[in-house]
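Dear colleague,

I am passing on a structure that you have not worked with before, and below it I set out what was found in it. Please keep it open while you read.

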Amino acid sequence: MTDKTPATDPVVPTAAPGASAPASAPADPVKARPAKRGSGSLVTALVIVILLAAGLGYALWKQRTQFVSAGREVASRLDTLAADAAQARKDTREALALAQAQAGRVAELEATVRETQSQYNALQLAWQNFNDSASDELLANDIERLLTIANQQLRLAGNVSNAIVALETAQSRLARADRPRFSTLQQSINGDLDRLRAVSTVDIPAQSARIERLVALIGKAPLLVPDAAAPGVAPAGEARPAVAAPSVDPQAGLPADAPWWQRWRAEMASWPGRAGSALAHELGGLITIQRVDEPAALLLSPEQADLVRGSLRQRLLTAQLAMLMRQPSVWKSELDNVGTTLAKYFDSRSPDTVAAQALARELAQTDIAVRLPDVADSQAAVAALRAAGFKTGEQD
């Protein structure tokens, strides 16, 4: 688009009349062409300027639009950041309030801990003072109690193993306490322990097994009279099993080709002997000859025989209790009575009776009177400590 402006023609000087025309005619066209070219360049430049202005305006408008959009986005982000900052401030205030509350509770707990620590220190100090003043006496009381238990086990029950356990406990207590003033007592306890460990005790399980064996032999040994408990002896009122008479062959000495009359004569000659043997066999089952030192033993009934066996078992039980209680007089008395009863009422020809009598004599000869030492040295050491007194102000 170009503006139409009136063209100004160049002023051409008018030739004077009478001048020659050919000399000036060719110069007019040449001077007119440069004027037309300068006008076209100006239009082109003007168009370019206008286009540049339009492009620059569009660019400025586009940039302004972007700036406005970016400003809105920045404003929205600033609003979001402001809201987040406000929430953060709120959370911070709450956390600060909670931290202050927790700090208050921590301060209270610290005060409680300090108070508890002070109370504990006071109690520990009081306990230390109590130990300093009374630990020696308490230790002496414990040791004396253990020594009393050991002495009772030796005197009343005769149990050396329990006494050793009590003394070993007292010895370990003294070793843990590590008190120099109790060294004499510890040496006395060690000496008593050595004496107790050297004592030869009765093998109670072995002796009890021998007593049980004697009880079993008494149950099997036959009495002088028929007894239901004795094997091989028929009780009263029962028939004895028939035993065949010994058979004698009258023709044993004859040859195989002996005549009949020799066989008959030998048979006749053997009749008196066979009759006598049969008679002796029959009468032998009715009459038995035996020497008995106690005639009353043959008058026992089966019920009385059971009482005799029960009495022997009771005596053996008493002997076993006497062995456990360390009573040698009762032990020997009961076993002697058992041996006397076996010799008086039982059949001495039976192997069970002989074995029972031998075992009863061996048990009676066993010495159960073990000489047990005492703990007098240890008790004397405790008494000496008590007589010397215990320090109350400081610990040894």
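Which residues of α4 are buried? Before the reply, please bear in mind that this is a predicted model. In α4, the buried residues are Gln-207, Ser-208, Ile-211, Leu-214, Leu-217, Ile-218 and Gly-219, and together the buried residues of this helix pack against α6, α7 and α8. The helix itself has 17 residues and reaches 25 Å from its first C-alpha to its last, which is close to the 24 Å expected at 1.5 Å a residue.

Two of those buried residues, Leu-214 and Ile-218, appear again in the largest nonpolar core, which has 26 residues and in which they, with Trp-331, Val-338 and Phe-346, have the most contacts. At least two residues of this core come from each of α4 (204-220), α6 (302-324), α7 (328-345) and α8 (351-365), and α6 gives the most, with seven residues.

Phe-346 is worth a look on screen. Leaving aside residues up to four places away in sequence, Phe-346 touches Ile-218, Ala-221, Pro-222, Leu-223, Leu-224, Val-308, Arg-309, Leu-312, Thr-341 and Thr-353. Apart from the core that holds Phe-346 lies another core, of 24 residues, including Ala-140, Val-160, Ala-166 and Val-199.

Lastly, there is an annotation to compare with the model. An unreviewed UniProt entry places a transmembrane region at residues 41-61; in the model this span is 100% helix and 0% strand, and its end C-alpha atoms lie 30 Å apart.

With best wishes

Conventions. Residues numbered from 1 in each chain as written. Predicted model: local features only at pLDDT ≥ 70, side-chain atom pairs only at ≥ 80, totals over all residues. Heavy atoms only, no water. Core = buried A, V, L, I, M, F, W, Y, C linked by side-chain atoms within 4.5 Å. Buried < 20%, exposed > 50% of the residue type's maximum accessible area, 1.4 Å probe, protein only. Helix = DSSP H or I, 4+ residues; strand = E, 2+ residues; numbered from the N terminus. Contact = heavy atoms within 4.5 Å. UniProt positions renumbered as here; feature names shortened; annotations may be inferred. Expected span 1.5 Å × (residues − 1).
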